[in-house]
Amino acid sequence: MTATLPPLRLKKGEDRRLRHGHPWIYSNQIDTAATPLAGFEPGQLVRVHDARDMLIGIGYINPHSLITVRLLTRDTGTTVDAYLVAKRLRAALALRERMYDQPYYRLVFGESDGLPGLVIDRYGSTLVGQIATAGMEALRPLVEQAVAEVLAPENLVWRNTGGSRAMEKLPEYVEAGIGEVPGTIEAREGDLRFRIDFAHAQKTGWFYDQRGNRDLFARYGSGARVLDVFSYLGGWGLRAAATFAERVVCVDSSLPACEGIEANAALNDLSGKVDTLHADAFDALKALREDGEQFDVIVLDPPAFIKRRKDHAAGLVAYKRLNQQALRMLAPGGLLVTCSCSHHLPEPELMHVVHEATSRAGRNASVLARLQQGPDHPLHPAIVETAYLKGLVCAVA
Ligand code: SAH
C-alpha cells in the first residue's frame, strides 16, 4: 500500500530534525516545486522523502496547516492500518496499567504515544476521545476498530470540540463512535468519585494531568481553610476537604461546574465543608478580601492565559495579578499552589511571578515542590510543546 501513497519531497537538509526523532514537518521545509501542496487533500496519507528521494516514513498531511505533516511511522515497510493503531494503543495501555491500578487516566496523549492529533481519556468502561487534526479525523474508523479490539469499551465518545479543530478546518461535534453518548461519566481520584455531567464537561471531562499533583497535595496540605480558584468540579478542593481541610471555597465562572461541585461534594459526603462561588476569579478574590477572608491554602489552577506566543505579555500580567491578589489573603505560613498550563510560560517565569508577588507583599516564599503533568501525559523529548503543565507549591511566611 505504501508504494501507492503520494510522495512528498523535503528540501535539502530538512530531513535532519525528522531523522533525529521529531515527527512534524512545517510547510517551509517542503520542496513545493517538486511536490506542490495544492496537490494534496487535507488528512491524506503521504510518503515522506528527503531531497535525495530516500523514503523517510509515512505521515498525514494538511496543506492548510502550519504543521503540514505529522509522521505516523518511520518503518517504511509498514502500512497505516488498524493493526498499527492497535499496536500503539496496546503500548499506551501497557504503560498506564503499569502506573495505575484503576482504569481512570489519559490513555493516549497524542504524539507522545505515537498517535499524533489523538487524545483518549479513560473513565472505566467509557472512553472519551478528541481529535485535533484532519489526518487523525481521516483515521477515525481505524481508531475505532483498534479501540474495539484492544479495549472493547462500552462507549467511545468523540468530544471533537476546541479551538485547534478550526485551524485544521474541521467541524466541531460530539458523537458516539462505539456505544452511545453517556449522560454522565465518572472519574476516580484518591478515594473520591467525581461525577461529570457530559453535556457540560470541559475538554475531555476531567483534568487527569493534575491527579498526581493532587495526590501530593492531599498528603502534605495542611490548614483549616482552603481556597480552590478555577476549581472546575473541585478536584483540588474536594481532595482537600476529604483529607485535611475544615472549610473549602471553590471558585469557578461556570455555573454547571459549580453545580457539579455541589453534587460531587454530596456524593462524597463532604457537603458540610464545601462552598462554591460562581464568579469570575479576579472579582471573587477581590470580594473575598473585602470581606476580610483569609485562607491557609490557596490553589490557583487557571486555564491557559497564554494560548499563543503573541499573548505572552498580556498573559504574564494576568498570572501576576492573580498571584498577587491571592497572596493578600494567604495566612502567614500558608501554602500557595500556583499552576500554569500555558506552554509559552516556562517554569522559571512562573517562579518569577511568585517571587515578584511575594516580595511586593513583603513576604517570603519557599518553593517546596515543582509540579508537572502526570505520567499519563508523557513528554515527547523532541517536542517541547508536549511539556505544558507546571506548578509550584510554596510555603509563604
Ligand atoms: N482546577 C481544575 C481545572 C481547571 S480548568 C481541576 O483541577 O480539575 C479551568 C477552569 O477555570 C474551568 O473550570 C473554567 O470554567 C474556569 N474559568 C475560566 N475562566 C475563569 C474566570 N475568569 N474566573 C473563574 N473561573 C474561570
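Visitor: Why is the approach of Phe-230 to the ligand called a polar contact?

Guide: In this predicted model, a backbone N or O atom of Phe-230 lies 2.8 Å from a nitrogen atom of the ligand. A polar contact is a pair of N or O atoms within 3.5 Å, so this pair qualifies. Residues are numbered from 1 along each chain as its sequence is written, and side-chain values use heavy atoms, without hydrogens or water. Local features need pLDDT of at least 70 and side-chain atom pairs 80 or more, whereas totals for chains, interfaces and linings use all residues.

Visitor: What makes Arg-214 and Asp-252 partners of an oxygen atom of the ligand?

Guide: A polar side-chain atom of Arg-214 is 2.4 Å from a ligand oxygen, and a side-chain N or O atom of Asp-252 is 2.6 Å from a ligand oxygen. Both residues are also among the closest of the 15 that surround the ligand, with Asp-280, Ala-281 and Asp-301; a residue counts as near if one of its heavy atoms lies within 4 Å.

Visitor: How do you know that β9 and β10 pair?

Guide: Strands are DSSP runs (E, at least two residues; helices are H or I, at least four), and two strands pair if DSSP finds at least two bridges between them. Strand β9 (residues 155–160) and β10 have five bridges in the antiparallel sense, so they pair. Asn-160 stands opposite Tyr-173 in β10.

Visitor: Why is β10 called an edge strand?

Guide: The open sheet has the order β6-β7-β8-β9-β10, with mixed pairing. Its edge strands, β6 (104–109) and β10 (173–178), each pair on one side only.

Visitor: What makes β1 and β3 a pair in the sheet β1-β3-β4-β5-β2?

Guide: β1 and β3 (residues 45–49) run parallel and are joined by three bridges, so the requirement for pairing is met. Arg-9 has His-49 of β3 as its bridge partner. The sheet is open, with five strands and mixed pairing, and its edge strands are β1 (7–9) and β2 (24–26).

Visitor: What makes a residue part of the lining of the second largest pocket?

Guide: A pocket is an open set of points on a 1 Å grid where a 1.4 Å probe fits, with protein on both sides within 12 Å along at least five of seven lines; lining residues have an atom within 4 Å of a point. Here 17 residues line the pocket, with Arg-195, Asp-197, Leu-233, Pro-256 and Gly-260 nearest its centre. The largest share, seven residues, comes from α8. The volume is about 210 Å³.

Conventions:
Points joined across faces, edges and corners; volume = space filled by probe spheres on them. Polar contact = N/O pair within 3.5 Å; in protein donor to acceptor, adjacent residues only side chain to side chain.
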